[in-house]
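Please look over the sequence and the model below before reading on. The paragraphs after it go through the fold step by step.

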Amino acid sequence: MASMLCCTASSSGSIVSASGLRRRLPLVGAFCVLSFGLSNLCLSYNSPLKTGCAQSLPFANLLRSKFVGQSPAKSVHTIRMEGSSNTVPSIVVYVTVPNKELGKKLAESIVREKLAACVNRVPGIESVYEWKGEIQTDNEELLIIKTRQSLLEALTEHVKANHEYDVPEVIALPITGGSLQYLEWIKNSTRD
């Protein structure tokens with residue numbers, strides 16, 4: 001997998017060192033779990049692997065061996081989002097900000113207004129993008145926001161009103177399952 005990631009990274013014109021790759025792997029892994037959903041990686045052990053599915057990835061067997069064989073005392077109570085009346089459809093929203101001061105101010109206002117249950121602030125990301133015909137590179141902070149799907153429009157408006165970018169990033173990913181207690185907490189910590 002590391003060589004596959006290194007080849008992918010080097011095809012963009014830069015070579016990634018082994019230490020640089022090790023620093024990036026946890027973030028890549030977290031993004032993969034958010035994108036594919038842990039439930040797709042941990043379906044029943046006997047299910048046939050499907051091409052194009054997260055189960056066909058080279059690390060799926062490793063994850064399956066770590067999670068499927070757990071005893072009930074150690075397992076986490078998880079649900080699929082459709083299966084419980086104690087939860088609501090929930091999302092993870094990514095927002096980037098130019099500095100930690102705005103990140104802190106925006107994160108606190110989002111939680112205070114009950115637009116989200118939790119905002120993680122991830123410092124030290126570097127964004128490369130095209131803006132007005134020019135390639136830009138900026139140091140930013142990433143906000144990872146956990147909230148109800150029904151609050152996306154209000155959250156987006158709040159970010160636009162309190163952000164200094166002309167076009168702030170607001171990207172939502174569905175939460176397809178997870179810890180029942182955490183998903184209930186998202187519901188109980190946000191406005192209806």
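What follows describes a sheet, the helices on it, the nonpolar cores and one lysine in a predicted model.

The sheet is a convenient place to start. It is open and has four strands, in the order β3-β4-β2-β5, with antiparallel pairing. The edge positions belong to β3 (118-131) and β5 (171-175); each has a single partner strand, so one side of each lacks a neighbour in the sheet. On average, and with direction ignored, neighbouring strands are turned by 30 degrees against each other.

The pairings can be followed residue by residue. Between β3 and β4, which run antiparallel, there are 12 bridges. Along this pair, Asn 120 stands opposite Ile 144 in β4, and Arg 121 has Leu 143 in β4 as its bridge partner. Two residues lie between β3 and β4 in their hairpin, where Lys 132 takes a positive phi near 55 degrees. The strands β2 and β4 are also antiparallel and are joined by eight bridges; here Val 97 has Glu 141 in β4 as its bridge partner.

Two helices contact these strands. Helix α5 packs on the sheet and touches β2, β3 and β4, with its direction at about 130 degrees to that of β3. Helix α6 lies across β2, β4 and β5, and runs at about 10 degrees to β2.

Next come the nonpolar cores. The largest has 15 residues, and those with the most contacts inside it include Val 95, Leu 106, Ile 110, Val 119, Leu 143, Ile 145 and Leu 155. Two or more residues of this core come from each of β2 (90-97), α5 (100-112), β4 (134-148) and α6 (152-161). Ile 145 shows how such contacts are spread: beyond its neighbours within four places in sequence, Ile 145 is in contact with residues including Val 93, Val 95, Ile 110, Val 119 and Leu 155. A second, separate core has nine residues, among them Ile 125, Ile 144, Ile 175 and Leu 183.

That leaves a charged residue in strand β4, Lys 146. Is Lys 146 buried or exposed? Lys 146 is buried, yet has no salt bridge. The nearest side chain of opposite charge belongs to Glu 141 and is 13 Å away. What does Lys 146 touch, not counting residues up to four places away in sequence? The list consists of Ile 91, Val 92, Ala 116, Ala 117, Cys 118, Asn 120, Tyr 182 and Ile 186. Asn 120 is also the residue that stands opposite Ile 144 in β4.

Key:
Residues are numbered from 1 along each chain as its sequence is written. This is a predicted model: local features need pLDDT of at least 70, side-chain atom pairs count only at pLDDT 80 or more; totals for chains, interfaces and linings use all residues. Side-chain values use heavy atoms; hydrogens and water are left out. A nonpolar core is a set of buried Ala, Val, Leu, Ile, Met, Phe, Trp, Tyr and Cys residues joined through side-chain atoms within 4.5 Å. Buried means under 20% relative accessible area, exposed over 50%, partly exposed in between (1.4 Å probe, protein chains only). Contact means heavy atoms within 4.5 Å. Lys and Arg count as positive and Asp and Glu as negative; His and the chain ends are not counted. A salt bridge is a side-chain nitrogen of Lys or Arg within 4 Å of a carboxyl oxygen of Asp or Glu. Two strands pair if DSSP finds at least two bridges between them. Axes are lines fitted to C-alpha atoms, for helices over the stretch in contact, and angles run from 0 to 180 degrees between N-to-C directions.
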